[in-house]
Amino acid sequence: MFIDKNGVVRMPKAYLAGTEIFYPNTLETQEKYHKLCEKYGIIGYYPSDLPPEDEFKDYEPKDNSLHETELKFFIHDANHIRRSDIIIANLNPYRGEEPDSGTAVECGIAYGMGLRCFAFVDDARPRKERYKGVKKTRLDGTVTDKDGRSIEDFDRPLNLMFSEFTVFEGTMEDALKGVREIFNKELVAAGYEPFAVKE
Amino acid sequence: MSEKLKIYVAGYECFLPNSTELALNAKNLCEKYGFEALSPILENGNKEERDISLTKEETAKYIFKKNIRLIDRCDIIVANLNNFRGWEPDSGTCFEIGCGYAKGKKLYGFIDDMRPCYEKYIGSIHKDGGLWRDDNGAFFESGCVNLMISGPAKIAQGGLERALQMIKNDLEQGE
């Protein structure tokens, strides 16, 4: 349960963005995440979850080209985001220092569509401290990588475009627990019963 | 005289030591093609101009909100999709693309290397279940970037100018 933007108390829908789908154990993760969401009183949409039947009523692929296939998957994910109230994104570094670009795009879509934004990372220290490479300092005090490119210094773990994200340190479960705590505080403040997490 | 279309110029250039120079070059290029550039770099000025009464986090939020307002105002987003500190584009740029999509903006990008991700990757890869995977088992996309970008965005091979040429061409074709 949560209180939505219109003041209605109902089950929150969460889009679970991240790289988990790329790995061979994606089916296990999908099941695990669904069970975790249920435990915390949230309806979770894993990227490969099947859409409701009317998914592509507004979109007809032109052909079997790579681009049309990509666009179909893109629309599938964007629609999951569209039907969700919140996004919970795995923004851990992926193949380098940056999070997965697909997840980052989904975060932007979610923010742009007015979803409440949450994320989780293993290490939630400020970006400067999280950076694993060689660091240098410019004369004006700016910390940079070995190629002289600045590293953000805003006391936030991620790029400043994720400023409206509440970032939890830990796993998806830690994020769900955190989101549930926030929703329960809001429910109680408005005079409703909090959701009881099944242990 | 009709109003010029506005282009939000997204990319990791903001992290480079010559970011202002690059932003001015981008602005001039946009104007050369008849567009108005909306540049987060030029909008947010120098570090020295920042309001020191704000905390670091508040400063980040302030810059973020300014960038979102620029995205609101633009008609088109053009994004530098080259890899940044690894095998992914800059996450801020990716966020801006997503936000632009949600707000109904036209999306374009540019990249030096248009080969599929698995061809560009320098590291060991293997085929499994029809997909190329890295040593951690994660599969690679078939496009030159993640499909969440190559799905909705048109991508030019080369620099910003190539993307601007593509946009101008599309507008002339009535797209």
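User: What is the relative accessible area of A:Asp147?

Analyst: This is a predicted model in which local features need pLDDT of at least 70 and side-chain atom pairs count only at pLDDT 80 or more, while totals for chains, interfaces and linings use all residues. Residues are numbered from 1 along each chain as its sequence is written, chains are lettered from A and ligands numbered from 1 in the order in which they are written, and side-chain values use heavy atoms, with hydrogens and water left out. Buried means under 20% relative accessible area, exposed over 50% and partly exposed in between, with a 1.4 Å probe and protein chains only. A:Asp147 is partly exposed, because its relative accessible area is 48%.

User: Which residue forms a salt bridge with A:Asp147, with the closest N and O atoms 3.8 Å apart?

Analyst: A salt bridge is a side-chain nitrogen of Lys or Arg within 4 Å of a carboxyl oxygen of Asp or Glu. A:Asp147 belongs to a network of salt bridges that also links A:Asp145, A:Lys146 and B:Arg85. The partner is buried, with a relative accessible area of 16%. At 3.8 Å between the closest N and O atoms, that partner is A:Arg149.

User: Which residue of chain A meets B:Lys56 in a salt bridge?

Analyst: The closest approach, N to O, is 3.1 Å. B:Lys56 lies in helix 3 of chain B and its partner in the loop between strand 8 (143–144) and strand 9 (166–169) of chain A, so the pair joins two chains. Helices (H or I, at least four residues) and strands (E, at least two) are DSSP runs, numbered from the N terminus. B:Lys56 is partly exposed at 35% relative accessibility, and the partner is A:Asp153.

User: How far apart are the closest N and O atoms of A:Asp4 and A:Arg10?

Analyst: A:Asp4 is buried, at 10% relative accessible area. A:Arg10 is partly exposed, at 24%. Their salt bridge has its closest N and O atoms apart by 2.8 Å.

User: At what angle do helix 3 and helix 4 of chain B pack?

Analyst: Axes are lines fitted to C-alpha atoms, for helices over the stretch in contact, and angles run from 0 to 180 degrees between N-to-C directions. For helix 3 (residues 56–73) and helix 4 of chain B, the axes are 10 Å apart. The angle between helix 3 and helix 4 of chain B is about 45°.
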